[in-house]
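Me: Can you take a look at this one with me? I'd like to go through the cysteines and then the sheet.

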Amino acid sequence: MSEWKKICLVTDIPVLGARRVARERGIDVAVFRNADDQVFALLDRCPHKGGPLSQGIVFGTSVACPLHNWTIGLADGCAQGADEGCTPKFACKVEAGQVLLDPIELATLALDLVPPRAGPCASTGALGDETFDVQAPQTA
């Protein structure tokens with residue numbers, strides 16, 4: 001494997017929480033820490049509707065997506081239970097209290113996925129322009 005990139009200290013990640021790692025290109029990576037101080041890294045995007053997994057609730061070796069409560073396994077990035085789909089996982093290790101990620105994976109993995117658009121920035125183009133596009137809110 002390649003040289004590893006130092007990301008942060010394990011103690012910089014809240015217990016049962018996450019820290020986001022920005023990349024030059026592509027969606028951020030979420031680095032999670034569970035109650036046993038195990039560390040995992042996944043693309044910060046739920047396979048269901050693209051929710052930010054870094055804002056989810058960590059329990060055991062899983063995270064609950066903050067949008068629709070899908071349970072995603074931290075070890076493999078796959079939805080659990082009746083749900084289907086996976087988010088890319090990143091190689092991660094801890095040495096001397098430092099969290100390390102593979103820089104080649106950071107630079108190349110899952111660059112084709114687009115982040116979800118929501119909120120006031122969801123519109124593109126200009127009013128009256130044929131390129132104007134608004135993402136309509138979902139209805140129940």
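**Cysteines and sheet**

Reply: Starting with Cys-65 in this predicted model: the sulfur of Cys-65 lies 3.8 Å from the closest cysteine sulfur, that of Cys-46, which is too far for a bond.

Me: Is Cys-65 buried or exposed?

Reply: Cys-65 is buried, at 4% relative accessible area.

Me: And what is the closest cysteine sulfur to Cys-8?

Reply: The one in Cys-92, at 8.5 Å, again too far for a bond. Cys-8 is buried too, with a relative accessible area of 6%.

Me: How many disulfides does a search of the whole structure find?

Reply: One. Cys-78 and Cys-86 form a disulfide, with 2.0 Å between their sulfur atoms.

Me: Which hand does that disulfide have, and why?

Reply: The torsion about the S-S bond of Cys-78 and Cys-86 is about 95 degrees, so the disulfide is right-handed.

Me: How accessible are Cys-78 and Cys-86?

Reply: Cys-78 is partly exposed, at 22% relative accessible area. Cys-86 is also partly exposed, at 45%.

Me: OK, on to the sheet. What is the strand order?

Reply: The order is 2-3-4-8, in an open sheet of four strands with antiparallel pairing. Strand 2 (17-21) and strand 8 (89-90) are at the edges and have a single partner strand each, so one side of each is left without a neighbour in the sheet.

Me: How many bridges are there between strand 2 and strand 3?

Reply: Five, in the antiparallel sense; strand 3 covers residues 29-33.

Me: Which residue in strand 3 stands opposite Gly-17?

Reply: Arg-33.

Definitions and conventions
Residues are numbered from 1 along each chain as its sequence is written. This is a predicted model: local features need pLDDT of at least 70, side-chain atom pairs count only at pLDDT 80 or more; totals for chains, interfaces and linings use all residues. Side-chain values use heavy atoms; hydrogens and water are left out. Two strands pair if DSSP finds at least two bridges between them. Helices (H or I, at least four residues) and strands (E, at least two) are DSSP runs, numbered from the N terminus. A disulfide is a pair of cysteine sulfur atoms within 2.5 Å. Buried means under 20% relative accessible area, exposed over 50%, partly exposed in between (1.4 Å probe, protein chains only).
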